[in-house]
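Subject: Structure handover

Dear colleague,

Here is the structure I said I would pass on. My notes on it follow below.

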Amino acid sequence: MNPTYRNEMLIFLAMLLVLAVGTGGYMAIEGWSLREAFFLTVSAVTTLGFGENRPLTPLGRDFTIFLLFIGLGTAALFMTNIAPAIIEKSVINAFGKKRMRNRIAGLKDHVIVCGYGRLGSSICAELRENGVPLAVIEIQDELFDQAEREGHCVLKGNATGEAILREAVIGRARAIVAGLNSDADNLYISLAARELNPKIFIIARSEERSAEKRMLRAGADMIVSPLTLGGRHISDLLSRRGADDTESLNGKTPSVLGFGLRLFRHPQGMTLTVREALGMSGAAGAAALKRPDGTVELSPPPETVIGGSDSLIILTSEDAVSGAHEGTEAQSAGA
């Protein structure tokens, strides 16, 4: 934990403890209600001097002196460390949110990306590289902060809500990518986007084939399944090329929403399962497996065993390609 954050938490907890001790003490000694006891505790600790609700007993006065000794120092620490930090953070957040809203309000002919996970971040990287204006909608704090740090226009909220789509200026957007992990959410985004902007181009992510037709009926123009990338295309690649020729897949290949096809370099002398190969390469999934006899298995199950002469085509994001290749090549060299 950050030392500064830890110290602030300790001061905050100490302040709460002083207030609790003071309130409980007055209730026990004087028999006051919770509200009266808390009021006098705050008055004593902050030295505001509003006066007593009722005359204090001798024991109550002694307790007040004790409370002043332990409370004044804690209150001073709280006011000099915690309060300014809270105020500063509130001001920064207020101005930051206003500036972000102004940036988004000025967008035109932009792309709205729903979700900033592995898929969404790859899409945004490519759009930025091509100079396409974009707005991100993300509900998770960690991913929201990541998108903000990387300089994107980002809104925090559930992308299935019409209000946040309007805030993303969907009426002036050229396209929207419904890239959430839930088919139901992507279906609703497609429906809402089509209603809010009949001319917008909608790309929806689908994990289940059964959901594709519903998304198209809801208004999506294109359905993309990142974990399959089109079985026909993969099958055509493998049926036309030999196992050695598949090395060409490690060059620059077209990608779909930031994902592309790569050949998994099988470490010599090792027998692996598809699951182990994915773990070694950091890939998102296995697209196809070609055996030496020419048979091709699309989307092989994780427990499928890979032989030394087999060719495994993996699905990997563009930002993970270099690291995955370095890892698998190093393992191959050390085998």
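To start with one pair of strands: β5 (residues 201-205) and β6 run parallel and are joined by 3 bridges. Within this pair, Ala204 stands opposite Ile223 of β6. Helices (H or I, at least four residues) and strands (E, at least two) are DSSP runs, numbered from the N terminus. Two strands pair if DSSP finds at least two bridges between them.

Before the rest, the basis. This is a predicted model, in which local features need pLDDT of at least 70 and side-chain atom pairs count only at pLDDT 80 or more, while totals for chains, interfaces and linings use all residues. Residues are numbered from 1 along each chain as its sequence is written, and side-chain values use heavy atoms, with hydrogens and water left out.

The sheet

β5 and β6 belong to an open sheet of 6 strands with parallel pairing, in the order β3-β2-β1-β4-β5-β6. At its edges are β3 (153-156) and β6 (222-224), each of which pairs on one side only. Neighbouring strands are turned by 20° against each other on average, direction ignored. Axes are lines fitted to C-alpha atoms, for helices over the stretch in contact, and angles run from 0 to 180 degrees between N-to-C directions.

The helices on it

Helix α5 (residues 141-149) lies across β2 (134-138) and β3, at about 160° to β3. Helix α7 (residues 183-196) lies across β1, β4 and β5, at about 175° to β5. The buried residues of α7 (buried: under 20% relative accessible area; exposed: over 50%; partly exposed: in between; 1.4 Å probe, protein chains only) are Asp183, Asn186, Ile189, Ser190, Ala192 and Ala193. What covers them includes β1, α6, β4, β5 and α8 (212-218), with contact meaning heavy atoms within 4.5 Å.

At the N-terminal end of α7, Ser182 acts as the cap, with a side-chain oxygen 3.3 Å from the backbone nitrogen of Ala184. A polar contact is a pair of N or O atoms within 3.5 Å; within protein, one must be able to donate a hydrogen and the other to accept it, and residues adjacent in sequence count only if both atoms are side-chain atoms.

Two loop residues

Asp109 is not a glycine, yet has a positive phi of about 55°. Asp109 sits in the loop between α3 (58-105) and β1 (111-114), and is partly exposed at 40% relative accessibility. Val169, also not a glycine, has a positive phi of about 55°. Val169 is in the loop between α6 (162-167) and β4 (175-178), and is buried, with a relative accessible area of 12%.

Regards
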